[in-house]
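Subject: A structure for you to look at

Hi there,

I'm passing a structure on to you and hope you will enjoy looking through it. Please open it first, and then read my notes alongside.

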Amino acid sequence: MRPARQGREQRTTKETSITVDIDLDGSGKSQIDTPIPFLSHMLDQIARHGVFDLTVSAQGDVEIDGHHTTEDVGIVLGRAVANALGDKANIARYGWATLPMDEARATCTIDLSGRQFLVWEVPMPKAKIGTWDTELAEVFFEAFARGAACNLHVVLHAGQNLHHITEICFKAFAKALRAATALDPRAQGVPSTKGSL
C-alpha cells in the first residue's frame, strides 16, 4: 500500500497564525478559513483544480492590509507541499498548464527542483478585487516558491478583467502543481541525475 502523501505545516508570528494541511492524493475537498474572502476563493480553486484535499486556517493583521496574511499562507502552503512530497521519489517533478477563462489565458510551469525562483509575467494595474490588492498575487506565488523550494513561472497571454486574470493564474497553478506532484509509474527513484532534489 502506498504511504499517504500528506503534509501539515504551521507558522505563527506577531503578524499571522497559519495552519495548512494538504493531501496530494485527495479528491478536491477544501476547508478554507482566512480573513480575506478573495484569497479564500483562490485557495479553494487550488484544491478543486489540483484535486488536493486542502485545509487552511489563517488569522492575520488584515486591519493593516492583506500582505502579511497572503505571503504567510503562500509560505506555509509551499512547506506543506514539500513536507507531503518527502524525498520526491517517483514524482513527475515538472508540471505545466495553459488555461483560458473567458478573455483571459495564462500558463503556469513548475519544477520541484529544490531551488526557489519565481518568474511573474502578469502585468496588472494596482487595484483591488474585493478587499484584496492585485499585487498580492505575485506575493503569494513568490512565497509559495520559497516555501516549496521550486521554480515557478506564471505568464499571462491575454486578459482584461482583473478577477479573470488572477483566477486563471491560480487555476493554471493548481493544474501544473497536480502534474508536477503526480507519481510517475515509470520513474525510478528521485527524478534527478544528482540523486536528490
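Below is what I found, starting with the whole chain and then going element by element.

A word on the source: this is a predicted model, in which local features need pLDDT of at least 70 and side-chain atom pairs count only at pLDDT 80 or more, while totals for chains, interfaces and linings use all residues. Residues are numbered from 1 along each chain as its sequence is written, and side-chain values use heavy atoms, with hydrogens and water left out.

**The whole protein**

The protein has 4 helices and 10 strands; helices (H or I, at least four residues) and strands (E, at least two) are DSSP runs, numbered from the N terminus. Read from the N terminus, the order of elements is β-β-β-α-β-α-β-β-β-β-β-α-β-α. The C-alpha trace spans about 45 × 40 × 30 Å along its principal axes. A compact globule of 197 residues would have a radius of gyration near 16 Å, and the 16 Å of this protein agrees with that. That radius is taken over C-alpha atoms, and the globule rule is 2.2 Å times the number of residues to the power 0.38.

Of the 197 residues, 51% are buried. Here buried means under 20% relative accessible area, exposed over 50%, and partly exposed in between (1.4 Å probe, protein chains only). Contacts (heavy atoms within 4.5 Å) often reach far along the chain: among those between residues at least 6 apart in sequence, 77% join residues at least 24 apart.

**Strands β1, β2 and β4**

A good place to begin is strand β2 (residues 16-23), which is largely enclosed by the rest of the structure, as 6 of its 8 residues are buried. Strand β1 (residues 6-12) pairs with β2 in the antiparallel sense over 7 bridges; two strands pair if DSSP finds at least two bridges between them. These two strands make a hairpin, with 3 residues between them, and glutamate 9 stands opposite valine 20 in β2. β2 also runs antiparallel to strand β4 (residues 53-60), joined to it by 8 bridges. In that pairing, aspartate 23 is opposite aspartate 53 of β4.

Threonine 12 belongs to strand β1 and is exposed, with a relative accessible area of 62%. Its C-alpha atom is separated by 9.1 Å from that of aspartate 72, although the two are 60 residues apart along the chain.

**Helices α2 and α3**

Helix α2 (residues 67-85) has 19 residues and reaches 27 Å from its first C-alpha to its last, close to the 27 Å expected at 1.5 Å a residue. The expected span is 1.5 Å times one less than the number of residues in the helix. This helix is mostly covered, with 14 of its 19 residues buried. Glycine 86 follows α2 and has a positive phi, near 60°.

Helix α3 has 13 residues and reaches 18 Å between its end C-alpha atoms, close to the expected 18 Å. The rest of the structure largely encloses α3, as 10 of its 13 residues are buried. Among those buried residues are Leu136, Val139, Phe140, Phe141 and Phe144. The buried residues of α3 pack against α1, α2, β7 (117-121), β9, β10 (151-158) and α4. After α3 comes alanine 149, whose phi is positive, near 55°.

**Aromatic pairs**

How many aromatic pairs does the structure hold? There are 7, where rings of Phe, Tyr and Trp (its six-membered ring) pair if their centres lie within 6.5 Å, and planes under 30 degrees apart count as stacked, over 60 as edge-to-face and the rest as tilted.

One of them is the tilted pair of phenylalanine 38 and tryptophan 132, 5.2 Å centre to centre with 40° between the planes. This pair links helix α1 (residues 37-50) to strand β9 (residues 132-133), its members being 94 residues apart. Both phenylalanine 38 and tryptophan 132 are buried.

Phenylalanine 141 and phenylalanine 173 form an edge-to-face pair, 5.2 Å centre to centre and 65° between the planes. Phenylalanine 141 lies in helix α3 (residues 136-148) and phenylalanine 173 in helix α4 (residues 162-181), so the pair ties together parts 32 residues apart in sequence. Phenylalanine 141 is buried, at a relative accessible area of 0%, and phenylalanine 173 is buried too, at 0%. Trp120, Phe140, Phe141, Phe144, Phe170 and Phe173 form one aromatic cluster.

Happy exploring!
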